[in-house]
Amino acid sequence: MSKGNTAKKRKSIKVVENEPAAKVRRSRQLKEEEKAPVLAMPIMPYDVLVHIFSKLDREDLDSCSAVCKHWHNVVEDAEKELPKRAIDIRFDRGIFDSITVTKEDSRNDKAVRIDVASIRKNPDRHIFKNAVVKCMDERLLAGDALEEKMKKICELAGDRIPVEKFHLIIASGMSLTEHLEKFKRCFLLYVNTSKLMINMKSSMFDSIFRYERKWSLLEFGPDVEVEIETDWKFDIESHGRHIHMFDDLYLIQIQSYKQSAIESLQKFFSCSKFKSPNCIQLTITVSREQAQDIFSWIIEGFRNAFEPPKFFKKLVLKVNIEVPKQRFGRYPGVLEEFGRDPSVFEGVLPRNGFKFSREEPGANDMPAPIYCLVHTNFRNWALEAKKLNDSLELKLIKVENP
Amino acid sequence: MATESANGVSSPELNERDVVITTNDNRNFTVKIGVARVSKTINNMIQDLGESLDLSSGIPLPNVDGPIFEKVLEWCEEHKNAPEIKVEQDPHTRERKWFTMTEWEEEYFRKFLSHLWDLAMAANYLEIPSLYYYTCQKLAERIKGRTPEQIREMFGIEDDLTEEEKAEIRRTNVWCTY
């Protein structure tokens, strides 16, 4: 390195001597032909170069590193303070049992596939050099292969895999509990993240949320903020036949479903079975037809909660507009009504013991009206509802003066 | 005359007074103190000298030459009342956020494009954060998206890496695209 430096100095001094005349010529040239100018570089102190480099991403730093010995050394030595490369990790299953690592880059997408079988022979640590995992995906399909792969990545990365956001997509309901348990163990052991996003389908949400003993599957300790996204639809069937909502049977069948759903919801709200609930947001997408029902169940579940609710900090109810609107206006979408007239909101409220107040917009620059629903028994707890463009946001809040 | 108490250093009247600054090529610059102290280095000198500061005999700057100091002063004049700039970075990739420059600043760098390195060095020595950070950003802008070959050509850097070393760099970096 010292040899490289002296060579550099000698050269730079020469450049400085020639400077003034050359510079004038160069700047004139530049104006004439808008080309990248030759900016002769003097001996640059380490700090200045590092400061310039800290503005660049890893792609550019790769280029800088191959410019000359001096720059190469600066990039290597300042490794700890220079920007890191953002990569994504995906597990591939099926014929190619591998891990795909993708680089996030606007210029050229590049993916490197790590063949699980060949990792043992040819470990390439460089994939994770100066990298930070922006997103990691797991589809929860084959539980056994997961642990092996996570372990491999950990070995390559040299530590628990640092991940900005982990994305878990629960794609199959087959032996869901078993897979989720396995996943949870691997996740806590090998992944270092504070954000876990879980996506699931209605049937899976239903099968977890309706059984208390499964709720612990959604708990990942106090250090991991969990965000859950699901849709929720209930199918009303009788003797294997789907019953349309304008059928008389529908009203009868829905009662039994409703009863159990509200019971589950109120327990879910109370979350007596949770040890350290840390769900920052639960987003539920419902169809336009079922929005009104589900919304009123949630409110009833909240009302009946026998402990101050604590599971989620925010619940977002989205109405899926993909579903064509029924000709029958029996179950109008909650949202339109909700915004127009608060009495509709009152209409879905259970009658006894609820205080309903409306805060006018403008209080804290919120253009949307905010509705506040205070709990009967725990009067310092309230459900705050805010209408957003395409969704309804419910937040559990503490009320100062009930 | 001369003396100004150290306590009075931040007074508005003092900012209107002139101070003489001598660059390493023996050029004297008469500068308003309010402008000169955009440089923390000069500001510290003024403060350290305190009682003994002789405004007429001046402050020597052994590491800056006249032509560059002239350009630096132009910046200081424009930025004498500018607030401190904040350096922000992406919490995960650590990449520093890019500053948005004013039309004046853009024009300034267009004008002195071929002096970016000297400005960066001078701003670093004189401790003028705004000029230093912005010049570095301008240099980073020149580097961005260019190949090693283009960078060498632009900055007149000699390629002193051997083929073996280049092969090694390529080998240890799977994401390398050249």
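The following exchange looks at chain B and its interface with chain A in a predicted model.

Me: Why is the pairing of B:Glu165 with A:Lys69 called a salt bridge?

Reply: A salt bridge requires a side-chain nitrogen of Lys or Arg within 4 Å of a carboxyl oxygen of Asp or Glu, and the side chains of B:Glu165 and A:Lys69 meet at 3.9 Å, N to O, so the pair satisfies that rule. Across the interface of chain A and chain B, the rule finds three salt bridges, and on the side of chain A that touches chain B, helix H3 (residues 46-53) of chain A gives the most, with six residues.

Me: What makes up the contact between chain A and chain B, and what area is buried there?

Reply: The contact takes 60 residues from chain A and 51 residues from chain B, while the area buried between the two chains is about 5000 Å², of which carbon and sulfur atoms give 62%. The rule also finds 14 residue pairs in polar contact across this interface, both residues being at pLDDT 80 or more.

Me: How do you know that the buried residues of helix H5 of chain B line one face of the helix?

Reply: In helix H5 (residues 103-111) of chain B, the residues B:Glu105, B:Tyr108 and B:Phe109 are buried. Seen down the axis of H5(B), these buried residues fall within an arc of 90°, and therefore they line one face of the helix.

Me: What covers the buried residues of H5(B)?

Reply: The cover includes helix H4 (66-78), helix H6 (116-126) and helix H7 (129-143) of chain B, a chain whose secondary structure comes to nine helices and three strands.

Key: Residues numbered from 1 in each chain as written. Chains lettered and ligands numbered in written order. Predicted model: local features only at pLDDT ≥ 70, side-chain atom pairs only at ≥ 80, totals over all residues. Heavy atoms only, no water. Buried < 20%, exposed > 50% of the residue type's maximum accessible area, 1.4 Å probe, protein only. Helix = DSSP H or I, 4+ residues; strand = E, 2+ residues; numbered from the N terminus. Arc of directions from axis to C-beta. Contact = heavy atoms within 4.5 Å. Buried area = accessible area lost by both parts, 1.4 Å probe. Polar contact = N/O pair within 3.5 Å; in protein donor to acceptor, adjacent residues only side chain to side chain.
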